[in-house]
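Let's take a walk through this one together, a piece at a time. Keep the viewer open and follow along.

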Amino acid sequence: MVEKQMVIGNLKVIVAKDYDSLSFIAGDTIATQIKRKPSSVLGLATGSTPIGTYKHLVARHQNGLSFEEVRAFNLDEYHPINKDSDQSYAYFMQENLFKHIDISPNNIDIPSGETPMPAAECVRYENSIRDVGGIDLQLLGLGLNGHIGFNEPDAHFPKMTQYTSLKQSTIDANARFFDSADDVPKHAITMGIGTIFAAESVLMLISGAAKAEIAHAVICGDITPKVPGSILQLHRNVTIILDSEAAAKL
Ligand code: GLP
């Protein structure tokens, strides 16, 4: 299941045999966190990569793992988007995780894609995370251009939850979930790099050959806002799980 474990700088790097193994290890890591601290604050992610991890967590719930005291925050949400639309991240989380487990709806927070005042929503969201004492474990995927959440390559690292424009490459990459690229919202609300960085621990998942190059840049390259995920090299508690295809260039 685990092909290789390495420490590269501050980063704990696990190479899993394939996507199923990656999902099993990631799900197990999150389940262990919840068992250790039932009231854990989780930062959750969307995209194709964590779907297998959520399946594993649902299976663990069916075998007795309770999410009753868990609080969940999501990394990001498109703007504008209706929360009930099947392309919203709120809907994604309901379908892939929340409706299958015993988490209380009061303990779920996702940036609102419906708000007419995104700047105020960013402040509310950041405060909401701070009010519960911060995130214990932040799950992350990785965009093809190195983005984490929707923090796109830029000249600086955005600190706090922000209202942001999506790069055309991200719109194109995410068009597969919409009827066409024109239908992908052009903006999003995302936790900032500072918000993510304040998490006690970070678990990043990288899957597939298409991510091999950017995985190498994030793990071994320069720390630069042009590759937002590279900032994780400075965090003291990061685990990155890759499948063997994504790890091909390490
Ligand atoms: C979106 C999300 C990111 C996610 C990325 C990669 O852009 N905002 O949080 O990491 O997609 O998605 P995938 O796992 O489908 O490659």
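In this predicted model, start with an open sheet of 3 strands, which runs in the order β5-β9-β8 with antiparallel pairing. β5 (76-79) and β8 (162-165) each have a single partner strand and stand at the edges, so one side of each is left without a neighbour in the sheet. On average, neighbouring strands here are turned by 30° against each other, if you ignore direction. Zoom in on one of those pairings: β8 and strand β9 (residues 187-190) run antiparallel to each other, joined over 4 bridges. To find your place there, look for Y163, which stands opposite I189 in β9.

As a reminder, strands of a sheet pair through backbone hydrogen bonds, and they can do so either parallel or antiparallel. For the parallel kind, move over to strand β10 (residues 201-206). Strand β7 (residues 137-140) pairs with β10 in the parallel sense over 4 bridges, and L140 stands opposite M204 in β10. β10 also pairs with strand β11 (residues 238-243), again in the parallel sense, over 5 bridges. In that pairing, L205 stands opposite I241 in β11.

How much of β10 is covered? Mostly covered is the verdict, with 6 of its 6 residues buried. Both faces are covered, too: S201, L203 and L205 sit on one side, V202, M204 and I206 on the other, and all are buried.

Keep going past the end of β10 and you reach G208, in the loop between β10 and α7 (212-220). Is G208 buried or exposed? Its relative accessibility is 15%, and because buried means under 20%, G208 counts as buried. Leaving aside neighbours within four places in sequence, G208 is in contact with D243, E245 and A246. Check A247 while you're there: its C-alpha atom and that of G208 are separated by 8.5 Å, although the two residues are 39 residues apart along the chain.

Another loop residue worth clicking on is T49, which has its place between β3 (41-44) and α2. T49 is buried as well, with a relative accessible area of 11%. What does T49 touch, once its neighbours within four places in sequence are set aside? The list is Y19, L205, I206, S207 and K211. Two names there should ring a bell: L205 and I206 are among the buried residues of β10.

From T49, step into the helix that follows the loop. Two packed helices are described by the angle between their axes and the distance between the axes. Helix α2 (residues 51-62) and helix α3 (residues 89-96) pack at an angle of about 40°, with 10 Å between their axes. α2 and α3 are therefore oblique to each other. Where they meet, I51, Y54 and V58 come from α2, while F92, M93 and N96 come from α3. Sort the residues of this contact by character and you get 5 nonpolar, 1 polar and no charged.

Last stop, the cysteines. How many disulfides does the structure hold? The count is 0. Two cysteines to look at are C122 and C220: C122 counts as buried at 7% relative accessibility, whereas C220, at 36%, counts as partly exposed.

Methods. Residues numbered from 1 in each chain as written. Predicted model: local features only at pLDDT ≥ 70, side-chain atom pairs only at ≥ 80, totals over all residues. Heavy atoms only, no water. Axes fitted to C-alpha atoms, helices over the stretch in contact; angles between N-to-C directions. Parallel < 35°, antiparallel > 145°, perpendicular 65-115°, else oblique. Contact = heavy atoms within 4.5 Å. Nonpolar A, V, L, I, M, F, W, Y, C, P; charged D, E, K, R; others polar. Disulfide = S-S within 2.5 Å. Buried < 20%, exposed > 50% of the residue type's maximum accessible area, 1.4 Å probe, protein only. Pairing = 2+ DSSP bridges.
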